[in-house]
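This report describes selected structural features of one protein chain. The sequence and the structure are shown first, and the discussion follows by topic.

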Amino acid sequence: MRLHNFNAGPSILPLPVLEEAKANLVDHQGLGLSVLEMSHRSPPFEAIVDRAKGTLRRLLSLPDAYEILFLQGGASLQFAMVPLNLGAGGAYVNTGVWSQKAIKEAQITGCAPQVVWSDEAGGFRRVPAPGERLEVPAGAPYLHYTSNNTIFGTHFEHVPDADVPLVCDMSSDFLAAPHDPTRFSLVYAGAQKNAGPSGVTIVVGRRDVLRTFRGPATTPTMLRYQIHAEADSLYNTPSTFGIWVCALVFDWIEGLGGLEAMGRRNAEKARLLYDVIDRRSDLFRGHAERESRSLMNVTFTLPTPELEKRFLQDAERAGCIGLKGHRLVGGLRASIYNAMPRESVEVLADLMDRWQP
Ligand code: PMP
């Protein structure tokens, strides 16, 4: 029996991916050893990296001018690597906890971030509207934003306009719908929501940005994109198993019709939940403002903590787990990433529809 897994990350993986991983775990495609036992410098593992990159490149329609890196340290390490590599004085949009952490790391690294927009006072219920002016200082080396705010359940439906290079933390909506990679200098994402298991961080960046180091000489080797780009993500031992599972997830997405198909599926799943929230607004109150509603993390509260507890218990009885909201927002959060089947969302939506306090 598989649970309806609404965890925010690590989170649900596609069942066919888990089954293929299981089938090949002990003997990788008849080679007589597991991917867990392979040298990262062996031809079979190089083939896995090439395949992962090739499929991801096709999914994103990524031009030659862009490179893909598979790193470690989570998206959290990117918070420091971005300013260290791209230069001091980056502009930041503050749409919640993860943006704040990115800003803090830029401060710690001495890179003097400039916050150009924040909804902290409003409780992080929205992101800037399309066309809303962001006062980005002309000389800023980049504008950083978080496309999907995992904790607050808000997202950008648009790419913000800026006259400076764009950097985006796409951790929780990478590969959830098509995006135009050429709008960005650099995109990063922890894999553990839509792209694979924890332990892999995906960076997609313009070749010249990744290969030209502009940071301080004291920057450790492992924190330089250039080193990883020149070594084809094999400067040191990468998360070999993790990259393999990412490759399987990319194949699964491609097999289902790519990012357009993902985007359609995800919009339909999210609509199921937001429709009940709107229909039963006496009972369920969405955290995000309507225009900013995330398609990945649906956040809502009930009138009292007691009711929330009872709803969570009933949801668990129906096999729905991982629904407790982040402690900062309280309430509930349904994370419905790519691998979450529509049927599981229907189970939750149906319970919300029928539930009586
Ligand atoms: N950014 C966003 C938007 C996230 O959701 C998360 C993790 N939930 C992070 C960054 C941090 O990722 P990691 O745990 O991979 O460092």
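## His228 and its surroundings

In this predicted model, His228 has a relative accessibility of 5% and therefore counts as buried, the cut-off being under 20%. His228 belongs to helix H6, which covers residues 225-230. The side chain of His228 reaches the backbone oxygen of Met222, and the separation is 2.9 Å.

A contact between a charge and a ring involves Arg224 and Phe213. The charged end of Arg224 sits over the ring of Phe213, at 4.2 Å from the ring centre.

## Helix H3

Helix H3 comprises the 13 residues 74-86. With a rise of 1.5 Å a residue, H3 should span 18 Å, and its end C-alpha atoms are indeed 18 Å apart, so expectation and model agree. A bend of about 30° is nevertheless found in H3 at Ala80, and the proline Pro83 follows within four residues. Just after the helix, Gly87 adopts a positive phi of about 115°.

How enclosed is H3 by the rest of the structure? Of its 13 residues, 10 are buried, and H3 is therefore largely enclosed. The buried positions are Ala75, Gln78, Phe79, Ala80, Met81, Val82, Pro83, Leu84, Asn85 and Leu86. The bend position Ala80 and the proline Pro83 are thus both among the buried residues.

## Salt bridges

A search of the whole structure yields 16 salt bridges. One of them joins the side chains of Glu268 and Arg342, with an N to O distance of 3.3 Å. Glu268 is part of helix H8 (residues 258-279) and Arg342 is part of helix H10 (residues 342-354), so this pair ties together parts that are 74 residues apart in sequence. Glu268 is partly exposed, with a relative accessible area of 34%. Arg342 is likewise partly exposed, and its relative accessible area is 34%.

Helix H8 also contributes to a second salt bridge, between Asp278 and Arg293. The closest N and O atoms of Arg293 and Asp278 are 2.8 Å apart. Asp278 lies in H8, whereas Arg293 lies in the loop between strand E11 (285-286) and strand E12 (297-301); the two residues are 15 residues apart, and the pair links distant parts of the chain. Arg293 counts as buried at 14% relative accessibility, while Asp278 counts as partly exposed at 29%.

A third salt bridge is formed by the side chains of Asp314 and Arg317, at 2.5 Å from N to O. Both residues lie in helix H9 (residues 305-317), 3 residues apart, which is about one turn of the helix. Asp314 is partly exposed, with a relative accessible area of 25%, and Arg317 is exposed, with a value of 66%. Elsewhere, Glu67, Arg207 and Arg211 are joined into one network by salt bridges that share partners.

## Aromatic pairs

The search of the whole structure also finds 9 aromatic pairs. Tyr92 and Tyr142 form one that is edge-to-face, with 5.8 Å from centre to centre and 80° between the planes. Tyr92 is in strand E3 (residues 91-94), and Tyr142 is in the loop between strand E4 (114-118) and strand E5 (143-146); the pair links distant parts of the chain, 50 residues apart. Tyr92 and Tyr142 are both buried.

Phe284 and Phe311 form another edge-to-face pair, at 5.6 Å from centre to centre and with 75° between the planes. Phe284 occupies the loop between H8 and E11, and Phe311 belongs to helix H9, so the description is again of distant parts of the chain being linked, here 27 residues apart. Both Phe284 and Phe311 are buried. Which residues make up the cluster linked by ring pairs? The cluster consists of Phe284, Phe300, Phe311 and Trp355.

## Ala339 and its distance from H3

Ala339 is located in the loop between strand E14 (332-335) and H10. Its relative accessible area is 11%, and Ala339 is therefore buried. Ala339 and Val82 are 257 residues apart along the chain, and their C-alpha atoms are separated by 29 Å. Val82 is itself one of the buried residues of H3.

Technical notes: Residues are numbered from 1 along each chain as its sequence is written. This is a predicted model: local features need pLDDT of at least 70, side-chain atom pairs count only at pLDDT 80 or more; totals for chains, interfaces and linings use all residues. Side-chain values use heavy atoms; hydrogens and water are left out. The expected span of a helix is 1.5 Å times one less than its number of residues. The bend at a residue is the angle between axes fitted to the seven residues ending there and the seven starting there. Buried means under 20% relative accessible area, exposed over 50%, partly exposed in between (1.4 Å probe, protein chains only). A salt bridge is a side-chain nitrogen of Lys or Arg within 4 Å of a carboxyl oxygen of Asp or Glu. Rings of Phe, Tyr and Trp (its six-membered ring) pair if their centres lie within 6.5 Å; planes under 30 degrees apart count as stacked, over 60 as edge-to-face and the rest as tilted. A charge sits over a ring if NZ of Lys or CZ of Arg is within 6 Å of the ring centre and within 35 degrees of the ring normal. A polar contact is a pair of N or O atoms within 3.5 Å; within protein, one must be able to donate a hydrogen and the other to accept it, and residues adjacent in sequence count only if both atoms are side-chain atoms.
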